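Please work through the exercises below with the sequence and the coordinates open beside you. Each task is followed by its solution, set out step by step.

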Amino acid sequence: MNGFNLMPWREQRRQSRLRSWRWGWAVSFVVTVSVVLGLDHAWDEWLTKQQARQHQAEQTMAQWHAELKSVNLWQNRLRMAQQVQTDWQHWRQQQIRAWQCMQQWLSVPPRGIQIERLVWRDQQWQVSGWALSPGHWQNWQTALAVAGFSPQTEQSQWAEAQWRLADGLAAKQHLFQLTLTLPASAVKP
């Protein structure tokens with residue numbers, strides 16, 4: 001009687017679960033092998049690229065070592081470094097002078113003047129903008145002269161008034177360009 005099965009549906013369910021477990025195991029095996037092969041391939045590509053970069057770095061280092069042995073190259077580089085140091089001192093003084101001039105420049109409020117462009121070049125300011133009237137223009141130049149700036153009148157340009165929309169308001173304004181220099185004695189060390 002032991003071989004006789006009174007409930008065949010249980011045996012069918014057991015066989016079905018065994019088949020699904022086998023399929024799950026097979027799918028997980030295939031996925032695992034695929035992931036491992038994909039990671040191995042990616043690792044090999046990364047390793048190849050890394051070895052190429054290392055080889056290039058080694059070649060560059062070898063080239064630099066060969067260049068280091070050249071005395072003329074070092075002498076040229078020393079001269080270039082000394083030139084950079086000399087130029088740096090000059091540019092550092094220029095920068096200090098520009099900041100001092102900017103502080104002095106900011107001490108003169110431009111009432112009735114709208115400055116569009118202000119450039120420090122060759123020890124002088126190049127200013128362009130708009131003035132509401134010749135009176136505003138003249139008052140501003142007088143205030144600049146009191147502050148120590150000397151306008152280069154031969155280089156200044158003044159245009160007739162034209163309608164202009166600025167900050168949502170329309171007004172007649174004069175376009176101007178002005179070059180200002182600051183005497184060396186006016187700059188405080």
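**Exercise 1: the surroundings of Gln-126**

Task: list the residues in contact with Gln-126, leaving aside its neighbours within four places in sequence.

Solution: Counting as contact any heavy atoms within 4.5 Å, Gln-126 touches Arg-117, Leu-118, Val-119, Arg-121, Leu-178 and Thr-179. The model is predicted, so local features need pLDDT of at least 70 and side-chain atom pairs pLDDT 80 or more, while totals for chains, interfaces and linings use all residues. Residues are numbered from 1 along each chain as its sequence is written, and side-chain values use heavy atoms, with hydrogens and water left out. Next, place Gln-126 in strand S2 (residues 124-131), where strands are DSSP runs of E with at least two residues and helices are runs of H or I with at least four, numbered from the N terminus. Finally, the C-alpha atoms of Gln-126 and His-41 are separated by 63 Å, the two residues being 85 apart along the chain.

**Exercise 2: a salt bridge in helix H1**

Task: find the partner with which Arg-14 forms a salt bridge.

Solution: Apply the rule, which asks for a side-chain nitrogen of Lys or Arg within 4 Å of a carboxyl oxygen of Asp or Glu; the count comes to 1 salt bridge. The partner of Arg-14 is Glu-11, at 3.1 Å from N to O. Both residues lie in helix H1 (residues 8-68), 3 residues apart, which is about one turn of the helix.
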